[in-house]
Amino acid sequence: MVIATTTRAQQAGARNIVVQQRDFMSAGSGRPDGSVAFVMLFNILHIEDPIALLQESHRILQDGGALSIIHWRRDIDTPRGPPPDIRPTPKQCRLWAEQTGLRFQGMRDLPNSPWHWGLLLERCTSF
């Protein structure tokens, strides 16, 4: 995936994409404070310490930067994904994110993905 993403970014002429493979739970993202405009946390917050990942996301986001969470629904059968009992709910993800200083902007329908839900949050300028 690293090679495919790097290749596509180069083909598109994108210069603002950083592709890295790293253990961000033990080593962090490697990005400076306030250095990114957008963080995507897709199908990952069923990890052991989701708040630590959200704290790191808050740290690297610019003031007014956005964070998007997409996760598997737990209320229906889905063709893939982690076991339903470890999938976080939108309410739980919102509470975790707000604990780190992120501000809820809304829940989004994902019409092309009936097995997922999505949240949009913003980095607060003060916490």
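Q: Is Phe42 buried, partly exposed or exposed in this predicted model?
A: We're looking at a predicted model here. The relative accessible area of Phe42 comes to 37%. Buried would need under 20% and exposed over 50%, so with 37% Phe42 counts as partly exposed.

Q: In which strand is Phe42 found, and which residues make a nonpolar surface patch with it?
A: Phe42 sits in strand β1, which covers residues 36–42. A nonpolar surface patch of about 310 Å² includes Phe42. The other residues that make this patch are Phe38 and Met40.

Q: In what order do the 4 strands of the open sheet run, and which are the edge strands?
A: The sheet is open, and its pairing is mixed. Its order is β1-β2-β4-β3. Each edge strand pairs on one side only, and the two that do so are β1 and β3.

Q: By how many degrees are neighbouring strands of this sheet turned against each other on average?
A: Take the angle between neighbouring strands and ignore direction. On average, the turn is 20 degrees.

Q: Which strand pairs with β4 over 7 bridges?
A: β4 pairs with β3 in the antiparallel sense, over 6 bridges. Bridge partners there include Gly106 and Leu120, and Arg108 stands opposite Gly118 of β4. A further antiparallel pairing of β4 has 7 bridges, with His71 and Trp117 among the bridge partners. The strand in that pairing is β2.

Q: Which helix packs on the sheet with its direction at about 15 degrees to that of β4?
A: Helix α3, residues 50–60, packs on the sheet and touches β1, β2, β3 and β4, but its direction makes about 150 degrees with that of β2. Another helix, residues 90–99, packs on the sheet and touches β2, β3 and β4. The one at about 15 degrees to β4 is α4.

Q: How many of the 8 residues of β4 are buried?
A: Buried means under 20% relative accessible area. β4 is largely enclosed by the rest of the structure, because the buried count among its 8 residues is 6.

Q: Where is Pro114 found, and is it buried, partly exposed or exposed?
A: Pro114 lies in the loop between β3 (102–108) and β4 (116–123). Its relative accessible area is 44%, so Pro114 is partly exposed.

Q: Which residues is Pro114 in contact with, leaving aside its neighbours within four places in sequence?
A: Met40 is 74 residues from Pro114 along the chain, and their C-alpha atoms are separated by 19 Å. For contacts, we leave aside neighbours within four places in sequence. That gives Arg73 and Ile76.

How values were computed: Residues numbered from 1 in each chain as written. Predicted model: local features only at pLDDT ≥ 70, side-chain atom pairs only at ≥ 80, totals over all residues. Heavy atoms only, no water. Patch = residues over 30% accessible without salt bridge, like charges linked within 9 Å, V, L, I, M, F, W, Y side chains within 5 Å. Areas by Shrake-Rupley, 256 points an atom, 1.4 Å probe, with all protein chains shown as cover. Salt bridge = Lys/Arg side-chain N within 4 Å of Asp/Glu carboxyl O. Buried < 20%, exposed > 50% of the residue type's maximum accessible area, 1.4 Å probe, protein only. Contact = heavy atoms within 4.5 Å. Pairing = 2+ DSSP bridges. Axes fitted to C-alpha atoms, helices over the stretch in contact; angles between N-to-C directions.
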